[in-house]
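Biologist: I'd love to understand the reasoning behind a few labels. Could you walk me through them?

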Amino acid sequence: MIDLLRWLWLAFLLSVPIWLGDQYYLHILITTGIFTIAAMSLNLLLGFTGQLSLGHVAFFGIGAYTSALLSLGFDLELAEGYTFVLAPKPVWFAFLCGVLVAGFFGWVIGKISFKVRGAYFVIVTISFAEVVRLVALNWVDLTEGPMALSNIPPFTLAVPGLWEQTLYRKAPNYYLMLAIAILSYLIVRRLVLSRTGRAMIALRENEPLATSVGIDVTRYLVLAAVVSAAMAGAAGGLYAHYVRIVDPDVFLFIYTVTMVIMVITGGKGTLAGPVVGGLFFGILPVLLRTIAEPEAQWIIYGVFMIVIVYFLPDGIVPAVRGWVESLQSGRPTPEPAALTGTAAAERKAD
Amino acid sequence: MSGNGAAPDTALSIEHITVHFGGLVAVSDMTFTVNEGEVVGLIGPNGAGKTTAFNVITGFLRPTRGEIRYRGRSLNGLRPHEVAEAGLVRTFQKTSVFATNTVFENILIGLHRRGRATAWQTLLGLPGVRAEEQRLRDEARALLDFVGIAQRAGELGGALPYGEQRLLEVAIALAARPSMLLLDEPVSGMNPSETSSFMRLLERIRARDVTVLLVEHDMRMVMGVSDRVVVLNQGKIIAEGPPADIQGNPEVIRAYLGAGVRDA
């Protein structure tokens, strides 16, 4: 039953560009998808290890800038009379470098998170994102600052020597986004449904007990941070080569907040949560634009958020799962909502 | 006296451990040993420093002075998970399980050390990973049977009655396959029949060649299961010996019952 739904959902996602004629709506779906990937990456850190990174957009932006810069090429005067010149690199190579560089910064932040926890970690990550934003804003020689990096080349798909297509149009970009989103989902799923994921959840739930049975805190926090950052970097790279312009505003705090909203309302620590939350809060603003006055749009958006958080404190996915389970077993009380996605999935596998 | 083997080999030795919290001396110059296969009870009135001693041994606290050695290796400076790697696994005084995970998952988490699959192998879905997962699940079932809570496998850890949570704690600790188990008040809050079945469990744990260091207030239990008893009072060891000697030791009685007016 669940399998069937999963395949239907996939078929639906694949069919969208075929029946959705309006390119504007396709564009909305692509950016929503890119944000959903970022939300999934945040969920690995926030939902499964319990570390709240309020600077997550930094990894997104680092991926976007790295990928954009490498594909455009740049020259940089390192010392008097010596200029470092980097020729434009192929987009796929630049994209991978963006993922790696973002992952590297994830490693640094993960190492720090071992030393500082809780509120201090939140502050460190906010500061980190702000510092990166200021660098992007002020290092004009490299990043063009507020003038933005523009004319970023789009992705090119190629079979060497035979066939080549540059992805200018929306539909191919949609499929590229979808492919990376599915890959990200599978990576998170594989990780959290394994011994590695159990270690992360154990650290979130009861760190002293987890360490007492031999789980290395640093190792798993760093691992989660690296994977999470690299994934956010991939989302950033996608964004850069799709929108084809990157300015320091990609580091704005509001984007992190949006990701956090997506994760929390969807259900943190569940696999489907960020997808549901991402789609909901990605599409809601656009939907509101068509039905409400401009003044009312963000008020309604806010009300939706409060209502969800108030009535479904664990998020949409755990709540729905609870309803389904109580319907199936005929019990009136829902399952304890803090149950993780892993918990349910593993019980099913059992 | 020691459970196995003729000559008692020292497993754990605590040498001149001192712990200060600011000006407060929690443990002062504590020295004792636990032999391989032995069950040692660590007793003392509230605030005597028993839990502090546990925290120091298992790497949750750094001693101000002194050394801890386990099987010839110094444990000083090791972090808790490294102490677990060395074979020492503890339980906690306040019940400590993974409350929002099922009982079965609790054990799987405890089995962490028994798995070897790395994140890369997991991501690539190598065939060994699946086989290992199956093996861990089998072990988890066996452990639940061993402590006698197999029928609870699907329930949430936090939803178990108190006595069974205590059993779950022990099962989680055993999952890490310790060569030495440190139990911090395992039967506190248990009723007498639960306590006596816990004592039988302890005998079976011991039959698995696990050395046990036990902190406990239930004197009947401590005296019943321990080969040796170490008595702490106000951070100092005041007596050490077989249960029978300890029960008659005037110093111990004074520590527990207080001195008469004359001595005060």
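Modeller: Gladly, and please keep in mind that this is a predicted model. Let's begin with helix α3 of chain A, residues 57-72, which has 16 residues and reaches 22 Å from its first C-alpha to its last.

Biologist: What makes that span close to the one expected for α3 of chain A?

Modeller: The expected span is 1.5 Å times one less than the number of residues. For the 16 residues of α3(A) the expected value is 22 Å, and the helix reaches 22 Å, so the two agree closely. Just after α3(A), Gly73(A) takes a positive phi of about 80°.

Biologist: How do you know that α3(A) is mostly covered?

Modeller: A residue counts as buried if 20 or more other C-beta atoms lie within 10 Å of its own. In α3(A), 15 of the 16 residues are buried, so "mostly covered" fits.

Biologist: What makes Ala224(A) a contact partner of Leu44(A)?

Modeller: Two residues are in contact if their C-beta atoms lie within 7 Å, so this pair meets that cut-off. Leaving aside neighbours within four places in sequence, Ala224(A) is also in contact with Leu45(A), Phe48(A), Thr49(A) and Met200(A).

Biologist: And which residues touch the most other members of the largest nonpolar core?

Modeller: Ala224(A) is one of them, along with Ala38(A), Val213(A), Ala235(A), Ile107(B) and Ala171(B), in a core of 161 residues. Helix α10 of chain A, residues 217-243, gives this core its largest share, 19 residues.

Biologist: How many residues of the two chains meet?

Modeller: 30 residues of chain A are in contact with 33 residues of chain B. On the chain A side, α8(A) gives the most, with seven residues.

Terms used. Residues are numbered from 1 along each chain as its sequence is written. Chains are lettered from A and ligands numbered from 1 in the order in which they are written. This is a predicted model: local features need pLDDT of at least 70, side-chain atom pairs count only at pLDDT 80 or more; totals for chains, interfaces and linings use all residues. Helices (H or I, at least four residues) and strands (E, at least two) are DSSP runs, numbered from the N terminus. A residue is buried if 20 or more other C-beta atoms lie within 10 Å of its own, exposed if 12 or fewer, and partly exposed in between; C-beta atoms are placed from the backbone. A nonpolar core is a set of buried Ala, Val, Leu, Ile, Met, Phe, Trp, Tyr and Cys residues joined through C-beta atoms within 7 Å.
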